[in-house]
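Colleague: I should like to go through this model with you, one feature at a time. Please give the reasoning before each result.

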Amino acid sequence: MRKALFVASAAMLLAAGPAVTPAWAQQKTIKIGFVSTFSGPTAVIGNDMRNSFELALDHLGRKMGGLPVEVIYEDDGQKPDVGKQKTEKLIESDKVDFIAGYIWSNVLLASLKPIVDSKTFLVIANAGPSQVAGELCSPTVFSTSWQNDQTPQAMGTYMNSKGVKSVYLIGPNYAAGKDMLAGVASTYKGKIVGQDLTTWPSQLDFSAELAKAKASGAEAVFVFYPGAAGVQFLNQYAAAGLKGTIPLYTAFTIDELSLPLQKENALGVPGAQQWVNDLPNEQNKKFVADYRKKYTGLRPTFYGAQSYDAAQLINSAVVATKGNLADKVAVQKAMEKADFKSVRGNFKFGKNHMPIQNFYLQDVVKDADGQLVLKTVATIVKDSQDRFHDKCPMK
Amino acid sequence: MTLFFEQCLNGLQFGLLLFLLAAGLTLVFGIMDLVNLAHGSLYMLGAYFAATFSVWTGNFVFGAVLALAATLVVGMAVEVIVMRRLYSRDHLDHVLGTFGLILFFDESVRLIWGPAGLSLPLPPWLSGSVQILSGFQYSAYRLAIIVVTLGVAAFLYILVMRTRIGMLVRAGASNREMVGALGVNIKLLYTLVFGLGAALAGLAGLMQAPILTVQIGMGENILILAFVVTVIGGIGSIRGALVAALLVGVLDTLGRAFFPDILRTMLSPTAASALAPALSSMLIYLLMAIVLVIKPEGLFSAGNK
């Protein structure tokens, strides 16, 4: 397969002749390393990210600034130590120009140092630990997703507007889980009657936590469980008789991958997100339509949307610097402009290279065919900036 | 008070589920002296079979019964094809061989069912909650798990303590060579015991499936707990497995439920919420360490050697 692709691209190069090969090309290919989870229970997320990244390359004609692109996908197995090894391999042995990906905050934090030390450009396509937005920010590190706190902050704001007086928080005990619960707490004005952090990623039975939430008398429950754990949580929430009695508010718990498994249990459960599949901009319509055409039976998720944007951001920098990636400052300046059409609608980078962007309220509804789909209901916050940018020493 | 009662029920349900897994593990370990890391894969297969068959038959209970039979068959096939070659080797080879089986089953499941996982929806009569006392609702399905596992525990008790097969099983756990020397068809007995263990693991998997998602590698986390239960209960002892499973289940659930609150009275809230999940998941291993110090053979040793 890879060989066939190589032959095909070589043939295309030959056919096109020297006319499209720019004289300023100092290197032959743009090498991108992509680290995500491609094995284990959360491999579906990694696959969606890879699919979207590949689709972006298709849309770019598999070239950036006239140069062919080579992507090396590496599997972190959702483990920080493995992620770090794979990252070091990409930097030291593959000598990639860019690294993209990272679903998990703890994997990213473990892999960050070799990337920053080697001054390799990093485009984070999901994870958003507070440290990276704050004291660990770096000139070569960018994000096309969000800082972890931003999404739950939006949810906290929404709960205020709904007049929720007390809430019980539940999330997993790792970098992102702690950020998420802190994020809600920072904007939510009512009373937080209790919170639980559960062992991650091994604990999947939430009976003890649900019983406590029920007994606490909270008016609502906020939860953050990405991937398969979100399916289990919603199923158990319904089985415990809580659905319909205590309203549930979520972040990153319901997406196009988990929804087919959550089914009716997700119906009417609100979530906050910076991207929803039905956002009405042209780039997004093209992304969603072509994704569904290329990968029959699948729907893109926000993970995919962020990966699509990551490829577009890298492309924008390669084009702006005419492929001269040796000039790191020029590449950095080009990336800071975020000069590409994002599928979430255009956004700006803060000085810490985190997006300043809108957050939308998404809801699960039935579409015309009776299928459950995610739908944008409203804009919760406009131009939200993370609350750690002041801690970033970059100017 | 209802909270405490509910958490005890949660612990009981979790413990009984662990018992199903540990019972098979302890039988296989005790009787055949075989360390079977692939026990978790059989748990996973039970869940996948149940999810598939209940869609085919359109009935949850039929699907579950078919899945149980299918796991039994797979278990016996694995014993005949793979395990027989491992008995005479040492424990390290068992670990290596059965670890290979885990990879084999995980990859096979990925090929057959895909990487995304399945869901096993409950029939309406099980998906709601039941009123046990006034103002106290409990999940109907979790209650059903408790009833079914108690039934299975009773069945196992009768099978092991009151039947001829059970007598051979107990004899095998105490002294394998002697049972063979007395002319018992030890090969057949091994295949049956392994199949029974597989079916129990499959039952645990399929009962857990509606609560959790059916996914690749779902057996690996719970397998560690099943090993802990086996070690605490004493290798080869069904009674030990039951007592240890209940201890572990209740301790784990109550630890998760009340430990953070207890810590919060002593530490700052942030320190407590960071520390509590780590400490409460250590409780089980502390219990194991204490049991091993006091009774190195486990609570109820089957008395081999």
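Modeller: Two strands count as paired if DSSP finds at least two bridges between them. Please bear in mind throughout that this is a predicted model.

Colleague: How many bridges join strand 9 of chain A to strand 10 of chain A?

Modeller: Strand 10 of chain A covers residues 248-251 and runs parallel to strand 9 of chain A. Within this pairing, A:Val223 has A:Thr250 as its bridge partner. Pairing requires at least two bridges, and the number joining strand 9 of chain A to strand 10 of chain A is three.

Colleague: Which residue of strand 9 of chain A stands opposite A:Tyr168?

Modeller: Strand 7 of chain A, residues 166-172, pairs with strand 9 of chain A, residues 220-223. The sense is parallel, and the pairing extends over four bridges. Opposite A:Tyr168 in strand 9 of chain A stands A:Val221.

Colleague: Which helix of chain A joins strand 9 and strand 10 of chain A in a β-α-β unit, and what is the hand of that unit?

Modeller: The helix of the unit is helix 9 of chain A, residues 228-239. Together with strand 9 and strand 10 of chain A, helix 9 makes a β-α-β unit whose hand is right-handed.

Colleague: Which element gives the largest share of the side of chain A that touches chain B?

Modeller: The contact takes 27 residues from chain A and 29 residues from chain B. On the side of chain A, at least two residues each come from helix 2, strand 8 (191-198), helix 8 (207-215) and helix 9. That side divides into 13 nonpolar, 11 polar and three charged residues. The largest share, six residues, comes from helix 9 of chain A.

Colleague: How far apart do the C-alpha centres of domain 1 and domain 2 of chain A lie?

Modeller: The domain assignment gives 2-146 + 280-353 as domain 1 of chain A and 150-273 + 359-390 as domain 2 of chain A. Their contact takes 22 residues from domain 1 and 17 residues from domain 2. On the side of domain 1, helix 2 (43-59), helix 4 (105-117) and helix 5 (130-133) of chain A each give two or more residues. The C-alpha centres of the two domains lie apart by 29 Å.

Colleague: Is A:Asp117 buried or exposed?

Modeller: A:Asp117 lies in helix 4 of chain A. A residue is exposed if 12 or fewer other C-beta atoms lie within 10 Å of its own. Because A:Asp117 has 10 C-beta neighbours inside 10 Å, this residue counts as exposed.

Key
Residues are numbered from 1 along each chain as its sequence is written. Chains are lettered from A and ligands numbered from 1 in the order in which they are written. This is a predicted model: local features need pLDDT of at least 70, side-chain atom pairs count only at pLDDT 80 or more; totals for chains, interfaces and linings use all residues. A crossover is right-handed if, with the strands pointing away from the viewer, the path from the first strand over the helix to the second runs clockwise. Domain bounds come from an automatic or database domain assignment. Two residues are in contact if their C-beta atoms, placed from the backbone, lie within 7 Å. Ala, Val, Leu, Ile, Met, Phe, Trp, Tyr, Cys and Pro count as nonpolar, Asp, Glu, Lys and Arg as charged, and the others, Gly among them, as polar. A residue is buried if 20 or more other C-beta atoms lie within 10 Å of its own, exposed if 12 or fewer, and partly exposed in between; C-beta atoms are placed from the backbone.
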